Amino acid sequence: MNYIQVENASISYGEKVLFRDVDLLVNKGDRIAMVAKNGSGKSTFMKMINGDLVPEGENAKVSIRKDLNIAYLRQEPDFRPEMSVLDTIMDSDIAEIQAVKEYEIAVSKNDADAINECVSKIEDLKAWDIEAKVKEVLFRLKIENLNQAIGELSGGQRRRVALAQILIQNPDVLILDEPTNHLDIEMIEWLEEYLNSPSLTLFMVTHDRYFLERVCNVIVELDEGNFYHVRGSYSDYLEKRADRKANESVRNDKLNKLFKKELDWVRRQPKARGTKAKSRVEQFEKLKEEKNSFKYESIMKFHIVPERMGSKIAEFHNVSKSFGDKNLIKNFSYKFKKNERVGIAGVNGSGKSTFINMLTGELEPDQGKLIIGETVKFGYYNQEGLDVSQDKRVIDVVRDIAEYIPLEKGMKMSAETLLERFLFPRPQQQVYISQLSGGEKRRLYLLTILITNPNFLILDEPTNDLDIMTLNILEDYLMEFPGVLVIITHDRYFMDKLTDHIFILEGEGKVKDFNGSYSEWKTRQAIALEESRNAPEPASTKSVDKSKKAPEQIIKNNVKRIEKKLADKEKEKAKLSKELNDNLENMDKLNELSVKIGAIVKEIEALEAEWEEWVEQL
């Protein structure tokens, strides 16, 4: 089923063309991701298909199926600061969501009459499953204080509220602009599973390559104003893109040979030319224009010479740190070694930033001792971002720090060349900071850290707002970095590629040193969890293998078994509903019962689905 169709769409700002005459078809069940450089027009395209922008061109058109419910996660959510978290999340015209919202408000006010009325409304609308979904989304995204004003939240918290809001609305199409930003790894892994539902239709921009691989089935690359579509996973896209770039390279070689041949001919001609000669000159000019417009990706390899590092680097001796009753680090000891690459993983609030702040000297430990070697030169990229005057030019920001960076064999790399290496061409180096996109500012901030030539590099969430092309360049750079590297990131691909081992902050002050990648640690966890499950999987949770039809008597027995279970579950649900009505003044009991009812509704749905599968075999 066709949901959204874009035809001959173009958008430009002055002389800069973001995209021209592009087409896109979004069908029901498509999970489309757009990849492109920062500033190429990804967010602009998303606004266009959401109806916020009108495409240019006489034949340009964006057709959206009638009555289609679209939810859009923007990078900067537009919320009223005085509204509560609950009011914001439940800001919807859907009757079931409004009923759940009224119920939550009644519970928070301890209004028994209102609670009784809300329970009846939820029962009539059969909205307990919505209520359970709301609680699951809030729990998974760690949204706890529902009465807090939006204006009191951090940027990351507002993003999680915005994500919860659109997931709860259960729209036909989700438009997601960097949905993994400000989520910890556990949240991202849950979101992956949630978005893998075949009933969902997605159009999104994300730099998370594991997320792309596991969620998306269509990749659209926006490159130099043109679209390139690949139906398949992210790895399928990479394979097709490599083939395309190879073909372009062959074509460019042919253009160069033809260009040299024509250039030689033009130079040998006298100034007075006949008609045929003029025609060939015109063809030469077209060839020259085509050659100059050809874009190819150069890979620059260079080896940095950092500040000399002595034998003593950084040492933790029985270090402990807590805030109030919360232990973040307890009796931690470790000695960093030369050229070490370590990742730091843990849920939000587990103490990752606290660990880094103690390492850099911004925080003192409560107990123990931390020793930093005299030759250590930290380069610390934090989440606060670039703090420079907005009326400065890009090149001046870098030159104020250093004119060049030293390379091997006494060579140097200038500020201009380093900027080019990180996708700031010479003309853009003259642009003011105020004119840069969010991703471009983050990229420039990285440069201001790297050009100081540190020998101990700390990156706290470096991948936020960076496009995949920039991440590939940054990874190439860091693979060659000859100093100590410490990374905090929710980007599992980035961490797997660059780290040798991981400090896992497990809570209650425990820090586990795992010798391997994050993915290997998750695999070990999954194996351990599987081995701990001694009980066999209940028959009711197993899906029926339709390819092997069971004997008729077994089918009938299974149908009867499930029907009995369904009857028992319906009785249990009715009993809990009655118990809920009898405990209207007990807030804790009410919350407990509503969660149980939601869980039973899900069990009933699963049993009904299994019953249908067995009945089909009859």
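## Glu221, its hairpin and a separate sheet

Let's start with a pair of strands: strand 8 and strand 9 (residues 226-231) run antiparallel to each other, joined over 6 bridges. Keep in mind that this is a predicted model. We'll look at this hairpin, then at one residue in strand 8, and then at an open sheet of 3 strands.

**The hairpin**
- Strands in a sheet pair up through backbone hydrogen bonds, in either a parallel or an antiparallel way.
- Here, Ile219 has Val230 in strand 9 as its bridge partner.
- The hairpin leaves 2 residues between its strands, and Glu224 has a positive phi near 55°.

**Zooming in on Glu221**
- Glu221 sits in strand 8, which covers residues 218-223.
- Is Glu221 buried or exposed? Its relative accessibility is 1%, so Glu221 counts as buried, the cut-off being under 20%.
- Beyond its neighbours within four places in sequence, Glu221 touches several residues, including Val35, Tyr237 and Met469.
- Arg241 is also on that contact list, and its side chain makes a polar contact of 3.1 Å with the side chain of Glu221.
- Met34 is 187 residues away from Glu221 along the chain, yet their C-alpha atoms are separated by 5.7 Å.

**The open sheet**
- Its 3 strands are ordered 11-10-13, with antiparallel pairing.
- Strand 11 (326-335) and strand 13 (367-372) are at the edges with a single partner strand each, so each has one side without a neighbour in the sheet.
- From one strand to the next, the twist averages 25°.
- Strand 10 (residues 314-323) pairs with strand 11 over 6 bridges, and Val319 has Phe332 in strand 11 as its bridge partner.
- Helix 11 (residues 352-359) packs on this sheet, touching strand 10, strand 11 and strand 13. The directions of helix 11 and strand 10 make an angle of about 130°.

Note on methods. Residues are numbered from 1 along each chain as its sequence is written. This is a predicted model: local features need pLDDT of at least 70, side-chain atom pairs count only at pLDDT 80 or more; totals for chains, interfaces and linings use all residues. Side-chain values use heavy atoms; hydrogens and water are left out. Helices (H or I, at least four residues) and strands (E, at least two) are DSSP runs, numbered from the N terminus. Buried means under 20% relative accessible area, exposed over 50%, partly exposed in between (1.4 Å probe, protein chains only). Contact means heavy atoms within 4.5 Å. A polar contact is a pair of N or O atoms within 3.5 Å; within protein, one must be able to donate a hydrogen and the other to accept it, and residues adjacent in sequence count only if both atoms are side-chain atoms. Two strands pair if DSSP finds at least two bridges between them. Axes are lines fitted to C-alpha atoms, for helices over the stretch in contact, and angles run from 0 to 180 degrees between N-to-C directions.
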